[in-house]
Number of protein chains: 2
Amino acid sequence: MARTARDTQIPSIGALDRAAGNLSRQLAQALREAVRRGDIPPGDALPSTRLLAASLQIARGTVIEAYEQLIAEGFLESKGGASTRVAQALAETHATGQPRAARRRVSQPGLPEPAAAFAQIAREFKPMPPVPFAISVPAGLTAPGDAWRRLGNRLRARGPGAPAGYADPLGALPLREAIAGYVRKSRSVRCEPRQVIVTSGTQQGLFLACQVLLGPRDEAWVENPAYRGVTAILESTGHRDTTARVPVDEEGIDVDAGIRMAPHARAAFVTPSHQYPLGMPMSMARRNALLAWARKSNAWIVEDDYDSELRYQGYPFPSLQGLAPERVVYLGTFSKILFPSLRLGYVIAPDDLVDAFCGARVLMDRHPPNADQHVLAAFMSEGHLERHIRKVRNIYADHRAHLMATLDALLPRDLAWLEPGDQGMHVVLWLAPGVDDRKVVEQAANAGVAVRAVSPLYAAGTARPGLILGFGGFSKAQMTEATRRLAAVIADAATLPKRKRAT
Amino acid sequence: MARTARDTQIPSIGALDRAAGNLSRQLAQALREAVRRGDIPPGDALPSTRLLAASLQIARGTVIEAYEQLIAEGFLESKGGASTRVAQALAETHATGQPRAARRRVSQPGLPEPAAAFAQIAREFKPMPPVPFAISVPAGLTAPGDAWRRLGNRLRARGPGAPAGYADPLGALPLREAIAGYVRKSRSVRCEPRQVIVTSGTQQGLFLACQVLLGPRDEAWVENPAYRGVTAILESTGHRDTTARVPVDEEGIDVDAGIRMAPHARAAFVTPSHQYPLGMPMSMARRNALLAWARKSNAWIVEDDYDSELRYQGYPFPSLQGLAPERVVYLGTFSKILFPSLRLGYVIAPDDLVDAFCGARVLMDRHPPNADQHVLAAFMSEGHLERHIRKVRNIYADHRAHLMATLDALLPRDLAWLEPGDQGMHVVLWLAPGVDDRKVVEQAANAGVAVRAVSPLYAAGTARPGLILGFGGFSKAQMTEATRRLAAVIADAATLPKRKRAT
């Protein structure tokens, strides 16, 4: 039996807001809603434009315009001289007869396969509140000053930072030149501006390196412990089972162990200047052994030089890249020495890998935003960055000494002790065996203190409990107070297991 | 036989620059170079600090400092009271006896497996010079005006755009709120600010969607033709063989064909408002069929709504997302309506996928830069964006009409003709069969005209030759002149095959 259209009725379309203007658009939206709610089922005729216009007290042309729009969209149909009807094609989505709203609320069966793992990553990387001991919070004296602002205002107005079209995926040339000059001078990196790829920071550099260097089944070395940002990328790109977690000792990564574990790895991710998170530099012997292995097995080394500017005794070790520019992908960032919300860092790639990094970057997000690249380039070329680094280094050295002394004074040695080291913007506080560092992190957060756990940075079965404490831009008074609270949390966490055992 | 150290000699360390300061650092660098060059072999003793200081006419403390640094680095060794020597461990890298420089120049055997494909992508996506008909070049009246600059200067100074620490990977809340309000109103997108993920533009939105929605062996639908940025991502993530290229006709994607090709696909990448590159909107019947398939097979739809603001007749189609917010990942960008170098766009994700998108974003580059997010939020909430869109839409409508009339007048119909359409910031110019559009692109570039080829947007074996012409911020005079040159290039390319056949 053919479906019989109901009588033409004026649908309930709510009030039109005459003050808001564009009545035809409002009417079309209201009609769409009425159709969606099922007020006007598919096949039904709409009132004539004359009738609806009169009923709504609006111009007939307004109704005609709305109908035409809905016909163009396929919501309505109008054949020959017949009346305008709700499109029969819409019947498909209403087939069950259920009201849409009710169906929509049903929870979705099954999420996509990768979703759960990424959701877990989101939880792990939840940003910390800007309280001690969050890492890399620029505040007061450690934030860039007026020069940064003035340059920004100047270069964004009508300078090279003004609104522009799509740009070079490798980054703005003045910044690439400034970076090449900077790393050559301060880090003994051997490179030309053409090898510099501006990134959104080290995380993007690591992501790009994984993409460019590792095929689907290729093995990689990663230090144990290591920055969680590396291991999480490798897991998400299907390299969980092809990652060798190579132990580190007081000389840095144990190259012999790496060779035993995965001699044919294609890439080694290392932090030679300042092992993350432990802090020791890689010894020259290990550097040479690592390079010898890489050359022999045609592997690449990814050198994450995330905070080498912040060394407080002597000056920074020269880069590994300077010893073997053809084998090392060098990563640097301005997050630590300037500020993280800038999201600018860099990759220095061997000449024959630059195009590949460029292509991987294009697919990820086309290119870095333009304006701040030019601001940073001017900040560097006018000498502000060097001055800023000198200033910040002194402040951090002072803050670091204060933090270490305070921790030493307030924490009993059998519960918590410091990993030695002389650089960076964090310290590692080891906790007594049996103390759950994740629990301490939670309890500290409740007490208004932001710390990170060390144990998730280790491969399964090798973890030691500890905390990472940043001494960014916080005042000494803030740090002292936070240390007091942290000491209480740790004391509490350490007695808890004993109490449990007693009961 | 034990290696015998040579006599201690003063190594050649070049001139120290007294004006540049930090002589100990200069000296250390010079000694490193001398060791690297092999001037002082491993095991050899260095001159005493007293002797070297005298020879260089510098303070002895300066030499001591440099030696200590090099000892800390492992370049030098000093045992007990004996003289300081070049570390024996360095011998390993000099084992072959070849001078380092010579070895370094040897070309590298074998690049990483993924490198070649990424390098090819870099060539494909080479940015165009800012000449007609590059797409989305903000110039003159189409660039945001003083309001953008003023807001920038204000919010970056001491406002929420000032230098800060690590921030929310999902983006700054004021911007997420502004975006939610904007897409609800202008695109009938149904969402809350918590579902908005600020991205670096549509490209990053597509990359994130591929990562979150597709497991390693999952199939996907992609329109044929389609934006090369989508297919390239799928190829680079190992989905080349699991991508179904679904044909489009005048109603948009052919859903029945998609179901025949890959009924169990997990995601469909579509451009419903304005098929890219052809321009037609997806009909209501197709929208319903696509949603019915997605609901039935528990698949996700990725709606790329890249330039829906730019429709010149009637007003834009409402979004597909508004019909099925639980099944659609909606992508928008400010590249087209503001300017590409801003690198800001957004994903609107179903509630249960937001955490996964957040985690994927964290691994890629942590979070978007802070400052411009706040500038854009204010630009939107103060009503500047709406005004800007109204202004730009009028200019583009005018420029588009001019470009189409000029193309019509200057190009013979049997060689080149326009695809009809009424929105966006580009037109598609079809070329006669047999004309090589890639060749035309090359020749046009030589003539100072920037166009893109259509054929690479098709699956292999289905391509048609054509050109994509943007009418961004160029003046009418610029466009007329560029059209003249392009007409000559096309006429040339069309006669070339005939000439070749004749010889």
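Here are legends for four close-up views of chain A, taken from a predicted model.

**View 1. The domains of chain A.** The domain assignment splits chain A into domain 1 (13-98), domain 2 (140-386) and domain 3 (387-502). Going by C-alpha atoms, the centres of domain 1 and domain 2 of chain A sit 57 Å apart.

**View 2. An open sheet of eight strands in chain A.** Reading across the sheet, the strands of chain A run E3-E10-E9-E8-E7-E4-E5-E6, with mixed pairing. Strand E3 (196-199) and strand E6 (252-253) of chain A are the edges, so to speak: each has a partner on one side only.

**View 3. The E3 edge and the helix packed on the sheet.** Here E3(A) lines up antiparallel with strand E10 (residues 345-348) of chain A, and four bridges join the pair. To find your way around, look for Val198(A), which stands opposite Tyr346(A) in E10(A). Helix H7 (residues 173-187) of chain A packs on this sheet, where the helix touches E3, strand E9 (328-333) and E10 of chain A. The directions of H7(A) and E3(A) make an angle of about 105 degrees.

**View 4. Asp305(A) in its loop.** You'll find Asp305(A) between strand E8 (300-304) and E9 of chain A. Is this residue buried or exposed? Asp305(A) counts as buried because its relative accessibility is 3%, and the cut-off for buried is under 20%. Setting aside neighbours within four places in sequence, the residues in contact with Asp305(A) are Arg187(A), Ser273(A), Tyr330(A) and Leu331(A).

Note on methods:
Residues are numbered from 1 along each chain as its sequence is written. Chains are lettered from A and ligands numbered from 1 in the order in which they are written. This is a predicted model: local features need pLDDT of at least 70, side-chain atom pairs count only at pLDDT 80 or more; totals for chains, interfaces and linings use all residues. Side-chain values use heavy atoms; hydrogens and water are left out. Two strands pair if DSSP finds at least two bridges between them. Helices (H or I, at least four residues) and strands (E, at least two) are DSSP runs, numbered from the N terminus. Contact means heavy atoms within 4.5 Å. Axes are lines fitted to C-alpha atoms, for helices over the stretch in contact, and angles run from 0 to 180 degrees between N-to-C directions. Domain bounds come from an automatic or database domain assignment. Buried means under 20% relative accessible area, exposed over 50%, partly exposed in between (1.4 Å probe, protein chains only).
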